[in-house]
Amino acid sequence: MGNIIYLDNAATTKTAPEVVEAMLPYFSECYGNASSIYSLGAESKKAITRARETIADVLGTKANEIYFTAGGSESDNWALKATAEAYGTDGTDNAAGVRGHIITSKIEHHAILHTCEYLEKHGFEVTYLPVDENGLVSPKDVEEAIRDNTILISIMFANNEIGTIEPIKEIGEIAKKHHILFHTDAVQAFGQLPIRVDDLNIDMLSASGHKLNGPKGIGFLYIRTGIKIRSFVHGGQQERGRRAGTENITGIVGLEAAVKRAYRIMEEKTKKEIELRDYLINRLETEIPYCRLNGDRVKRLPNNVNFSFEFIEGESLLIKLDMEGICASSGSACTSGSLDPSHVLLAIGLPHEKAHGSLRLTLSEENTKEEIDKTVEVIKQTVEYLRSMSPLYEDFLKKQRS
Ligand SMILES: *Cc1c(COP(=O)(O)O)cnc(C)c1O
């Protein structure tokens, strides 16, 4: 792939060499089915148990509360649909036929939002809470949205587009006080921020391997003991009978290696990323006029930078960056390709035209200052060039002068 500058770590990350190395034997040597009696199968079973323990350990939970899935989207779907089924009614207990109420936010990942829309079609009511101009959910809004029939609160730990870290502890306390289940999509936060589920009163948590230098197609859902949650995939007895299918042994071993690595390097990685992030933010803010940093300045993921540049199209900027070997995003990977501006940027109050001119750069500890400098130069030149061709910008300058 030549010399690329990879600044799209919120979309996916490189599988770390030590992760690949940990996985390799499980393709061609220890390939046994964990359900088999013979020792080849037992080896796989042992590796799965160990991985479950490693993950439980970092979250401060028990191994039997960790369920492996195919990634963040599946974990989110499972958490929402299975709670709706287990805790919702059939709707005959009220005149409106409502089966239950769910509270979420307007800036969730589509894996949550589209699942909520699906549940709305099936008799559930959903409150999509607004956020402030920095993307923060207000705990007070959460509490006020609670109704007699609220069964679940699902608020993401940190946003994938603008990097805002939500007040999870406060929301967890409210959920606990009202005896309502609390799920968090921690796909962007797990492995980046230390998370202890008991301290935060989290009942369910979604995470995904490929966002923390693990392989794609593996993730987990933490489900607190005692929660009635139905099977998601019916079949064999894997994952305590709740998620059938021969275990993705290579993925599970890779996820474990990625978790170990993430926790080992967390402190150093965070420090390095914050330094680079703030350097990048500062250069863009001081060197490019008519731009705005999106997301909270302080409650922010260490590796996230998101800017709106007035009078330009983010897509055009991305194309130019790609020509220079720089990988970035103008929203989330799932929404680029569609013409609608990002729902997250609209929710923080950006008008359509500003939302269209946005750029997300998400760093890793492997990026260098030289890479950031080159990126800033390309952005500066491109923004200037695109603006020079924009009739809107020309009008704006004319008005400024008069
Ligand atoms: C990437 C992402 C997901 C989806 O995870 P997959 O493993 O790709 O299915 C869900 N939520 C958030 C916040 C994400 O960033």
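**Notebook: strands, one helix pair, cysteines**

I began at strand 7, where Ser 206 is the bridge partner of Asp 185. The model I am reading is predicted.

Entry 1, strand 7. Asp 185 sits at the end of my range for strand 6, residues 181-185, and I find strands 6 and 7 paired parallel over 3 bridges. I then looked up the partner of Ser 206 in strand 8, and it is Leu 221. Strand 8 covers residues 219-223 and runs antiparallel to strand 7, with 5 bridges joining the two.

I next checked burial along strand 7, residues 204-208. Of its 5 residues, 5 are buried, so I note the strand as largely enclosed by the rest of the structure. I sorted the residues by direction: Met 204, Ser 206 and Ser 208 point one way. Leu 205 and Ala 207 point the other way, and both of these groups are buried.

Entry 2, the sheet with strand 12. I traced an open sheet of 3 strands in the order 9-10-12, and its pairing is antiparallel. Strand 9 (291-293) and strand 12 (358-362) are the edge strands, each pairing on one side only. I noted an average turn of 20° between neighbouring strands of this sheet, direction ignored. Strand 10, residues 304-309, is joined to strand 12 by 5 bridges in the antiparallel sense. For one position in this pairing, I found Ser 308 opposite Ser 358 of strand 12.

Entry 3, helices 3 and 8. I looked up how helix 3 (residues 39-59) packs with helix 8 (residues 249-287): the angle is about 35° and the axes are 9 Å apart. The crossing of helix 3 and helix 8 is left-handed. On the helix 3 side, the contact residues include Ser 44, Ala 47, Arg 50, Ala 51 and Val 58. On the helix 8 side, I list Ile 252, Val 253, Glu 256, Lys 260 and Tyr 263 among them. The residues of this contact divide into 11 nonpolar, 2 polar and 3 charged.

Entry 4, cysteines. I searched for disulfides and the structure holds 0. I also looked up accessibility for two cysteines. Cys 116 has a relative accessible area of 0%, so I enter Cys 116 as buried. Cys 291 has 22% relative accessibility and therefore counts as partly exposed. The cut-off matters for Cys 291, because buried means under 20%.

Terms used: Residues are numbered from 1 along each chain as its sequence is written. This is a predicted model: local features need pLDDT of at least 70, side-chain atom pairs count only at pLDDT 80 or more; totals for chains, interfaces and linings use all residues. Side-chain values use heavy atoms; hydrogens and water are left out. A disulfide is a pair of cysteine sulfur atoms within 2.5 Å. Buried means under 20% relative accessible area, exposed over 50%, partly exposed in between (1.4 Å probe, protein chains only). Axes are lines fitted to C-alpha atoms, for helices over the stretch in contact, and angles run from 0 to 180 degrees between N-to-C directions. Helices (H or I, at least four residues) and strands (E, at least two) are DSSP runs, numbered from the N terminus. A crossing is left-handed if the near helix is turned anticlockwise from the far one by less than a right angle, and right-handed if clockwise. Contact means heavy atoms within 4.5 Å. Ala, Val, Leu, Ile, Met, Phe, Trp, Tyr, Cys and Pro count as nonpolar, Asp, Glu, Lys and Arg as charged, and the others, Gly among them, as polar. Two strands pair if DSSP finds at least two bridges between them.
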